Amino acid sequence: MTSPRKTYIIANWKMNFTPGEASLYLNRLSNRISPSRNVQVVLAPSTVALQPLSLQINRRQFKLAAQNFYWRDYGAYTGETSVAQIRGFVDYAIVGHSERRYVFNESEEDIAQKVAAAIRNNLTPILCIGETALERKDGETKAAIYSQLTNGLHEVSKEDISKVIIAYEPVWAISSNKNAKPAKPSDIAEAELIIREHIAKLYNKQTAEDIYILYGGSVNADTAGGYLDIPGIDGLLIGGASLIADSFCAIVETAKGKNK
Ligand code: PGA
């Protein structure tokens, strides 16, 4: 019998919490979230908190993810932190988040190199993709998803694609956007099919069936269950609600209830 698919609940704390605050918050979460075989909880604090939290966490309970890093391993890159420098602290790396794409002008090539760097350093990249409000309005959702997948994965071989997680995060649904509105489950179900269809073309059908696809964008304790019920959605990437212990713990409990 094959083991059941895991559900991923990933907390993106973005640029919040000092290392001290992050440590206190982790402590609160660890008192309330018990380890689970089927639900993998991943926390993505700021880079500066990765090392201290890596010493504090129980890795059976939580894993850590980097929010950002530079794709070269070492060298004269003032101000940057490489994935080779942080790989001892984390198991996952978020790549291509829309705030990196649109606030920091990260290019498709940067994103492809980061995905490759994460794999080279034995981390699981969580590749975020999703259309903007304008792309959706213009009927370009499918084209946007196709091109972000093609470009973001162009360095990833057939052998390595099973190491990648995809997070579908429509930019218009992310709470940091001024006019954010929550995505409907039907929008997400449609995108999930588009993603698997394109992965099948880039790799093969089995890969498309196997790859993990998460949803992110304005998820809260009230909506998490509905999103987790969408067939083919393997978990959630959570920003705002992950900063509130009650909300985040409730989301983890919901995921555990659905994947026993
Ligand atoms: P949000 O953020 O849950 O606050 O919308 C999600 C994300 O940016 O990954």
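Select serine 98 in this predicted model. Leaving out residues up to four places away in sequence, serine 98 touches Val103, Val171 and Ile174. Serine 98 belongs to helix α4, which covers residues 98-102. Its relative accessibility is 9%, so serine 98 counts as buried; the cut-off for that label is under 20%.

Next, keep Ile174 on screen and display the ligand. Ile174 is one of the residues around the ligand. The others to select are Asn12, Lys14, His97, Glu169, Ser175, Gly217, Ser218, Leu237, Ile238, Gly239 and Gly240. By class, this shell divides into three nonpolar, seven polar and two charged residues.

Now draw distances to the oxygen atoms of the ligand. From the side chain of lysine 14, an N or O atom is 2.6 Å from a ligand oxygen. For glycine 239, the atom to pick is a backbone N or O, at 2.9 Å from an oxygen of the ligand. Glycine 240 also offers a backbone N or O atom, here at 2.8 Å from a ligand oxygen. Switch to a surface view: of the 280 Å² of accessible area that the ligand has on its own, the protein covers 98%.

Move on to the nonpolar cores. The largest has 71 residues, and Leu29, Leu43, Tyr215, Leu236 and Phe248 are those with the most contacts inside it. Colour helix α11, residues 245-258, which gives the most to this core, with six residues. Then select phenylalanine 248 and show its contacts, again skipping residues up to four places away in sequence: Ile9, Ala11, Tyr25, Leu29, Ile33, Val41, Leu43, Ile238, Ala241 and Ser242. Ile238 in that list also appears among the residues around the ligand. Another core, of 14 residues, lies apart from the largest one; Ala65, Ala167, Leu214 and Leu237 are among its members. Leu237, too, is one of the residues around the ligand.

The last stop is asparagine 259, in the segment after α11. Is asparagine 259 buried or exposed? Its relative accessibility is 13%, so asparagine 259 counts as buried, given the limit of under 20%. Show the polar atoms of its side chain: one of them lies 2.8 Å from the backbone oxygen of arginine 5. The asparagine 259 side chain also makes a polar contact with the side chain of threonine 7, at 2.9 Å. To complete the view, add the residues that asparagine 259 touches, not counting those up to four places away in sequence: Pro4, Arg5, Lys6, Thr7 and Asn38.

Key: Residues are numbered from 1 along each chain as its sequence is written. This is a predicted model: local features need pLDDT of at least 70, side-chain atom pairs count only at pLDDT 80 or more; totals for chains, interfaces and linings use all residues. Side-chain values use heavy atoms; hydrogens and water are left out. A nonpolar core is a set of buried Ala, Val, Leu, Ile, Met, Phe, Trp, Tyr and Cys residues joined through side-chain atoms within 4.5 Å. Buried means under 20% relative accessible area, exposed over 50%, partly exposed in between (1.4 Å probe, protein chains only). Helices (H or I, at least four residues) and strands (E, at least two) are DSSP runs, numbered from the N terminus. Contact means heavy atoms within 4.5 Å. A residue is near a molecule or strand if one of its heavy atoms lies within 4 Å of it. A polar contact is a pair of N or O atoms within 3.5 Å; within protein, one must be able to donate a hydrogen and the other to accept it, and residues adjacent in sequence count only if both atoms are side-chain atoms. Accessible areas come from the Shrake-Rupley method with a 1.4 Å probe; for residues, only the protein chains shown count as cover. Ala, Val, Leu, Ile, Met, Phe, Trp, Tyr, Cys and Pro count as nonpolar, Asp, Glu, Lys and Arg as charged, and the others, Gly among them, as polar.
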